[in-house]
Amino acid sequence: MTELRRDYLAERWVVIARERAMRPSDLKVEGIHQSPSSICPFCPGNEHMTLPATLLYLERDGELVVKAESDSERLKGWLVRVIPNMYPALRPNVNPARHCEGFMVRVGGMGAHEVIIETPEHDTQFCDLSDRQLFLVFKAYTERFKALASLPHVKYVSLFRNYGKEAGASLSHPHSQIIATPIIPPRISEETASFKERWNGSSCILDEVLEQEASSERFVDENEFAVAFCPYAPIAPFEVLVVPKRHIKNILELSEKEMLSFARLTRKVLKAIHIILNDPPYNYTFHQSILDEEYHMHLRVLPRLSIFAGFEFNTGIVINTIPPEEAASQIGGVMKEI
Ligand SMILES: [Zn+2]
Ligand SMILES: [Zn+2]
């Protein structure tokens with residue numbers, strides 16, 4: 001059966017086209033093989049190849065030490081290292097003024113672009129990180145989100161992870177990225193409008209969705225503080241949403257306990273996807289708001305198995321050949337075993 005489904009939060013449509021007997025195994029990828037290749041600038045010992053860290057976690061005598069590096073300084077023995085991107089999409093110290101000349105509208109490319117190096121170990125998979133390391137990664141997310149969100153003119157902070165070349169990762173060393181922008185991106189602004197429209201003073205549209213999906217065939221797994229499910233209108237096969245049960249607008253509002261719990265559920269989802277699809281490329285992206293209380297933060301995990309082609313670019317409508325109900329049953333099944 002083929003049908004068009006609308007996203008919960010935005011005017012975005014997906015064709016669920018299970019017209020041929022496609023099984024998840026048809027989507028299995030060959031696995032991501034890195035060429036043994038050149039020197040990795042994210043590996044310990046090569047810190048001089050990068051700009052000075054804006055945030056470093058080190059362990060000294062069993063204690064966590066938080067540092068930043070100055071110009072000529074590079075510290076050794078770090079656990080997590082955050083550095084400015086060498087080739088930033090947006091930069092601080094640019095005037096974000098808006099110019100309109102007829103049809104042409106532009107805003108200065110002000111912002112910030114940083115890389116979060118998640119572990120000193122080059123060959124570790126994110127889905128295999130220890131609880132301790134996972135916690136430090138999310139703690140670094142939080143600290144840098146806070147720092148960038150408080151910069152003047154910043155309206156949004158995009159936090160995401162690209163894994164594998166097809167998902168846009170140019171280096172295989174485990175890392176995430178964070179980009180601060182001087183505008184609220186269209187997708188987020190559309191979602192925000194939807195959250196505001198359905199806000200009843202204490203709960204939002206996503207709280208209603210959570211309630212329904214917790215017992216639907218799209219449910220994947222949950223723990224004390226977060227729920228994972230395949231969204232009704234997924235733009236990617238095996239797309240999963242991880243949502244905090246409590247209504248919070250961004251990662252800063254998670255307590256440390258909630259943060260670890262949220263991170264662990266995310267890691268488990270990624271592990272299951274890794275097993276089912278044989279280490280596929282993927283993106284995960286945080287959807288959150290700096291200021292809008294009505295917004296409910298969530299994380300989207302998007303395996304990159306399908307290609308956007310003419311129809312997608314022309315219409316913005318994506319064709320997805322794996323119904324989310326089927327993906328959820330697979331992912332949920334594997335998650336019970338791990
Ligand atoms: Zn490396
Ligand atoms: Zn909510």
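Two residues are taken to be in contact if their C-beta atoms, placed from the backbone, lie within 7 Å. In this predicted model, that criterion can be applied to V334, which, once its neighbours within four places in sequence are left aside, is in contact with A272, I275 and I276. The C-alpha atoms of V334 and V269 are separated by 9.2 Å, although these two residues are 65 residues apart along the chain. V334 counts as partly exposed because 19 other C-beta atoms lie within 10 Å, whereas a buried residue needs 20 or more.

V334 belongs to helix α7, which covers residues 324-337. At 1.5 Å a residue, the 14 residues of α7 should span 20 Å, and the end C-alpha atoms of the helix are indeed 20 Å apart, so the expected and computed spans agree. Within α7, the buried residues are P324, A327, A328, Q330 and I331. These residues cover an arc of only 165° around the axis, which means that they lie on the same side of α7. On the other side of the helix, G333, K336 and E337 are exposed.

From the helix we turn to the sheet. Eleven strands form an open sheet with antiparallel pairing, in the order β4-β3-β5-β8-β10-β9-β14-β15-β13-β12-β11. The edges are occupied by β4 (63-67) and β11 (219-222), each of which has a single partner strand, so that one side of each is left without a neighbour in the sheet. From one strand to the next, the twist averages 20°. At the β4 edge, the partner strand is β3 (residues 55-60), which runs antiparallel to β4 and is joined to it by five bridges; in this pairing, E59 of the one strand stands opposite L64 in β4.

The loops hold two residues whose backbone deserves a closer look. Most residues other than glycine have a negative phi. F238, however, has a positive phi of about 70° although it is not a glycine, and its place is in the loop between β12 (226-229) and β13 (240-244). N278 likewise has a positive phi, near 65°, and is a residue other than glycine; N278 is found in the loop between α5 (256-277) and β14 (282-287). As to their surroundings, F238 is buried because 27 other C-beta atoms lie within 10 Å, whereas N278, with 14 C-beta neighbours inside 10 Å, counts as partly exposed.

Technical notes:
Residues are numbered from 1 along each chain as its sequence is written. Chains are lettered from A and ligands numbered from 1 in the order in which they are written. This is a predicted model: local features need pLDDT of at least 70, side-chain atom pairs count only at pLDDT 80 or more; totals for chains, interfaces and linings use all residues. Helices (H or I, at least four residues) and strands (E, at least two) are DSSP runs, numbered from the N terminus. A residue is buried if 20 or more other C-beta atoms lie within 10 Å of its own, exposed if 12 or fewer, and partly exposed in between; C-beta atoms are placed from the backbone. The expected span of a helix is 1.5 Å times one less than its number of residues. The arc is that of the directions from the helix axis to the C-beta atoms. Two strands pair if DSSP finds at least two bridges between them. Axes are lines fitted to C-alpha atoms, for helices over the stretch in contact, and angles run from 0 to 180 degrees between N-to-C directions.
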